[in-house]
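Open the model in your viewer and set it to cartoon. We will go from stop to stop, selecting a few residues each time.

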Amino acid sequence: MRRSKQEGKRSLREMSEEEEEEDTFAEEEEEALEKKQKGKATSSSSSSTGACQVERCTANMSKAKQYHKRHKVCEFHAKAPVVRISGLPQRFCQQCSRFHELSEFDEAKRSCRRRLAGHNERRRKITSEGERSQGYWK
């Protein structure tokens with residue numbers, strides 16, 4: 001089985017193209033891995049040294065739960081009925097994971113009205129659909 005010169009050159013060219021594609025793929029994988037590792041290093045180092053958003057709070061966030069680190073609020077202020085942020089009295093919303101003005105909450109609730117309304121609407125839909133399927137609504 002002898003190959004002509006042209007066939008030999010073509011197979012060499014194809015082999016080198018395949019090697020280039022493999023090299024490119026390997027380089028892309030390495031770059032993606034480096035970005036991933038950089039992102040992890042950045043997020044973990046900044047979250048462990050993050051401080052609570054509340055004015056004059058000196059809570060040590062290094063041993064806080066991941067949730068509290070992510071939202072930059074200590075456990076005490078996440079549950080507090082009133083805190084001061086930028087001079088305004090606010091409360092942490094458990095649904096939004098953000099601070100809102102007190103006027104956006106009903107009484108001592110920890111979820112803002114907007115999120116509670118959506119939650120209640122979803123609950124009503126599920127309940128009414130369940131009752132219909134059981135034959136209560138004929």
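Start with cysteine 93, which lies in strand S2. Keep in mind that this is a predicted model.

**Stop 1: the hairpin.** Select residues 88-93 for strand S2 and residues 98-101 for strand S3. The two strands pair in the antiparallel sense, over four bridges. Now pick phenylalanine 92: opposite stands phenylalanine 99 in S3. Move to the turn. Four residues sit between the strands of this hairpin. Serine 97 takes a positive phi there, near 60°.

**Stop 2: a site around the hairpin.** Add Cys93, Cys96, His100 and Cys112 to the selection. These four carry the UniProt annotation "binding site", from an unreviewed entry. They span 20 residues in sequence, but no two of their C-alpha atoms are more than 9.2 Å apart, so they gather at one spot.

**Stop 3: another annotated site.** Select Cys52, Cys57, Cys74 and His77. The unreviewed UniProt entry annotates them as "binding site" too. They are spread over 26 residues of sequence, yet they cluster in space, with a largest C-alpha distance of 8.8 Å. Zoom in on cysteine 74. You will find cysteine 74 in the loop between helix H2 (66-71) and helix H3 (75-79).

**Stop 4: a charged surface.** Switch to a surface view. Which residues form the positive surface patch? Color Arg98, Arg114, Arg115 and Arg122 to see the patch. Helix H4, residues 113-133, gives the most to this patch, with three residues. One residue to click in helix H4 is arginine 122.

Methods
Residues numbered from 1 in each chain as written. Predicted model: local features only at pLDDT ≥ 70, side-chain atom pairs only at ≥ 80, totals over all residues. Heavy atoms only, no water. Pairing = 2+ DSSP bridges. Patch = residues over 30% accessible without salt bridge, like charges linked within 9 Å, V, L, I, M, F, W, Y side chains within 5 Å. Areas by Shrake-Rupley, 256 points an atom, 1.4 Å probe, with all protein chains shown as cover. Salt bridge = Lys/Arg side-chain N within 4 Å of Asp/Glu carboxyl O. Lys, Arg positive; Asp, Glu negative; His and termini not counted. Charge placed at Lys NZ, Arg CZ, Asp CG, Glu CD. UniProt positions renumbered as here; feature names shortened; annotations may be inferred.
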